[in-house]
Amino acid sequence: MKNFVNTSKKYYNANLRAFALPLFFIFAFAFIIRIYSFYPDVLVFDYDQIEDLMHTRKIVEYHDLPVMGRKIYGLYNLRHGVLYFYYNLLPYTLFNAHPVYIAAWNSLINSLMVVVIFIFSKALFKDNKAAYISSLLFAVSFVTIQFTGWISNTTLTLVTVPLYYYFLWRFIQGKKYGVQLSALFLGLALQSQLFMLYLIPATLIALVIFRPRLPTLRTVAISCLLFFLATSTMIVNEIKLKYAGIYTLTHFSEFFNDADITLQNRALYFLNDFFDIFTNSLSPGFHKFGTLVALITITYLIYVSRKAKDKNLKQSAVFVLLFLLSPSLMIIFGYHTQPWFLIGILSAIALSAGYVLSRVPGITPLILLTLIVLSNVTTVRAYKSNKDFLLKPCLSAVLTSQLAVVDFTYQKANGKPFSLNTVSYPLYYNATWSYHYNWYGLRKYGYLPGWLGGDLMDPYYKLPRSANEELMFVVIDTTYRIPEKYKKEIVMWASERGQLINEVAIDGFIIQEWNVEKAN
């Protein structure tokens, strides 16, 4: 590690000092556009986001250090890592659980990755122009920006995966620290998102192709130790659950519908999603252009890997192709149809497209870069204005809508006490409103409503039990995910207790105002 620190200092002085100012401007631009994409409150805040932050609350307020991550698709035996709970500690504590500032924390860390992309590109292609272009492409990528504002463990892969591949490349190039740090970031990538398991066979393929010099036993031992430290909580979980998680993954078809897709269709899905994410990273809204750039990029990298006279350049092209196409290894086991399945290759798209654009002569790269920046920025603006997201959540899962409901109830109450009941997704899970009325409502209006629904256990925020307030609000989530009968049942429940005096619709919610006193 000491060798790594010394090497980093020398590398900065020799290679990065002259690029510090331009990189700062790219970083600043990346950070500003990420903050703009969701500020002040246009971000996804669904039950998964609340669940993660509740685990962070356990650490902050109860000093309870979790080792078991959130369940994946409700499967008790299959869980994410816990890294994200600890990652959120700083913004959660400093900004009193404010979701927007937690998303801003994501944005800061993600924006710093433009420097990593620059260094990575220089290490691969030894070309300043390619490095600048790749860094800028990552900064403006619409897909990357969308994921940055998502409060989820998956967003960490935007950091852990490129760092893993960078240090793997350094190992291939003969740097001892590359073995140790690639092992560390491999473990952290698995903590970030479990389906990053495909990085393990990708690593084996890289070792077979490039045949790097074997590290010493001491280096291997340190690398293994770092990997086990990074995945220690996941290993503890497996032991505790008697390796049920491994069983679930090895019997994929018994637990996931995606495994029922034929191999041919999995390949077709992958190709379709691959070109989609390439397009949305470079030219959202212009699918044909994005597909053309993807085809040209892959074709050119294949050409370089076969025809380049420089052996190192050949290796670089092969390595980037492996990075870019590595998620296809998951096709063997099944196909994950969610939009974040290919999140691990966003930095590879920037690296590969940046290199290919740098090879175009004249001012054409400048013209193309200008169009790419404009396309991404205008798409970010349009999605924000329409409260639209690449993740396609229900409107009720958007923070803006939820806070509008909180404001409406307080403003209608006009300082008087009131009670609350809701139909939310998942059913009988009032964490959304407990969270918002505590961090937002209490701070802004100075008191909490009485709660008429079922209580949650610690560490969830709680609302005080109702004390027979005369004013009652019923909040109904209009999402298709809740069967209509449950929405009707709560109205019948309310009609037995009071008289409906007002009903309004607010972006995915129906809010009913009831006078309990008039029921007598």
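In what follows, two residues are in contact when heavy atoms lie within 4.5 Å of each other. The structure I present today is a predicted model.

Let me begin with Ser135. This residue belongs to helix α7, which spans residues 128-140. Leaving aside residues up to four places away in sequence, Ser135 is in contact with Leu23, Ile26, Val114, Ile117 and Phe118. Is Ser135 buried or exposed? Its relative accessibility is 0%, and Ser135 therefore counts as buried; the threshold for that term is under 20%.

I turn now to the sheet. Strands of a sheet pair through backbone hydrogen bonds, in either a parallel or an antiparallel sense. Here 5 strands make up an open sheet, in the order β4-β3-β5-β7-β6, and the pairing is mixed. Which strands stand at the edges? They are β4, residues 450-451, and β6; each has a single partner strand, so one side of each is left without a neighbour in the sheet.

Strand β7 deserves some detail. On one side, β5, residues 471-477, pairs with β7 in the antiparallel sense over 7 bridges. Within that pairing, Met472 is found opposite Trp514 of β7. On the other side, β6, residues 499-506, runs antiparallel to β7 and is joined to it by 7 bridges. Two of the bridge partners can be named: Ala505 is matched with Ile510 in β7, and Asn502 with Glu513 in β7. The strands β6 and β7 form a hairpin with 2 residues between them. In that turn, Asp507 has a positive phi of about 35°. How many of the 7 residues of β7 are buried? The number is 6, and strand β7, residues 509-515, is therefore largely enclosed by the rest of the structure.

Two helices lie across this part of the sheet. Helix α22, residues 431-445, lies across β3, β5 and β7, and runs at about 145° to β3. Helix α23, residues 484-495, likewise lies across β3, β5 and β7, with an angle of about 170° to β5.

Strand β3, which covers residues 418-423, brings us to a second serine. Ser419 is located in β3. With a relative accessibility of 2%, Ser419 counts as buried. Beyond residues up to four places away in sequence, the contacts of Ser419 are Gly450, Leu452, Ser466, Glu469, Leu471, Met472 and Phe473. Met472 in that list is the residue that stands opposite Trp514 in β7.

My next topic is empty space. Such space is revealed by rolling a probe the size of a water molecule over the atoms. How many cavities of 30 Å³ or more does a search of the whole structure find? The search returns 4.

The largest cavity has a volume of about 130 Å³. It is lined by 15 residues, and those closest to its centre are Ser37, Phe38, Val42, Gln146 and Phe389. Two or more lining residues come from each of α2 (20-38), α8 (142-148) and α20 (364-385). Of the elements, α20 gives the most, with 3 residues. By class, this lining holds 10 nonpolar, 3 polar and 2 charged residues.

The second largest cavity contains about 90 Å³ of space. Its lining has 13 residues, and Ser396, Gln402, Tyr425, Thr432 and Asp477 lie nearest the centre. Divided by class, the lining of the second largest cavity has 6 nonpolar, 4 polar and 3 charged residues.

Finally, I come to a pocket. The second largest pocket has a volume of about 430 Å³. Among its 19 lining residues, those nearest the centre are Val179, Ala183, Thr203, Leu207 and Ser223. At least two lining residues are supplied by each of α9 (157-172), α10 (176-192), α11 (199-210) and α12 (217-230). Which helix provides the largest share of this lining? That helix is α12, with 5 residues. The lining of the second largest pocket comprises 16 nonpolar and 3 polar residues, with no charged residues.

Key
Residues numbered from 1 in each chain as written. Predicted model: local features only at pLDDT ≥ 70, side-chain atom pairs only at ≥ 80, totals over all residues. Heavy atoms only, no water. Helix = DSSP H or I, 4+ residues; strand = E, 2+ residues; numbered from the N terminus. Buried < 20%, exposed > 50% of the residue type's maximum accessible area, 1.4 Å probe, protein only. Pairing = 2+ DSSP bridges. 1 Å grid on protein atoms, 1.4 Å probe; cavity = no way out; pocket = protein on both sides within 12 Å on 5 of 7 lines; lining within 4 Å. Points joined across faces, edges and corners; volume = space filled by probe spheres on them. Nonpolar A, V, L, I, M, F, W, Y, C, P; charged D, E, K, R; others polar. Axes fitted to C-alpha atoms, helices over the stretch in contact; angles between N-to-C directions.
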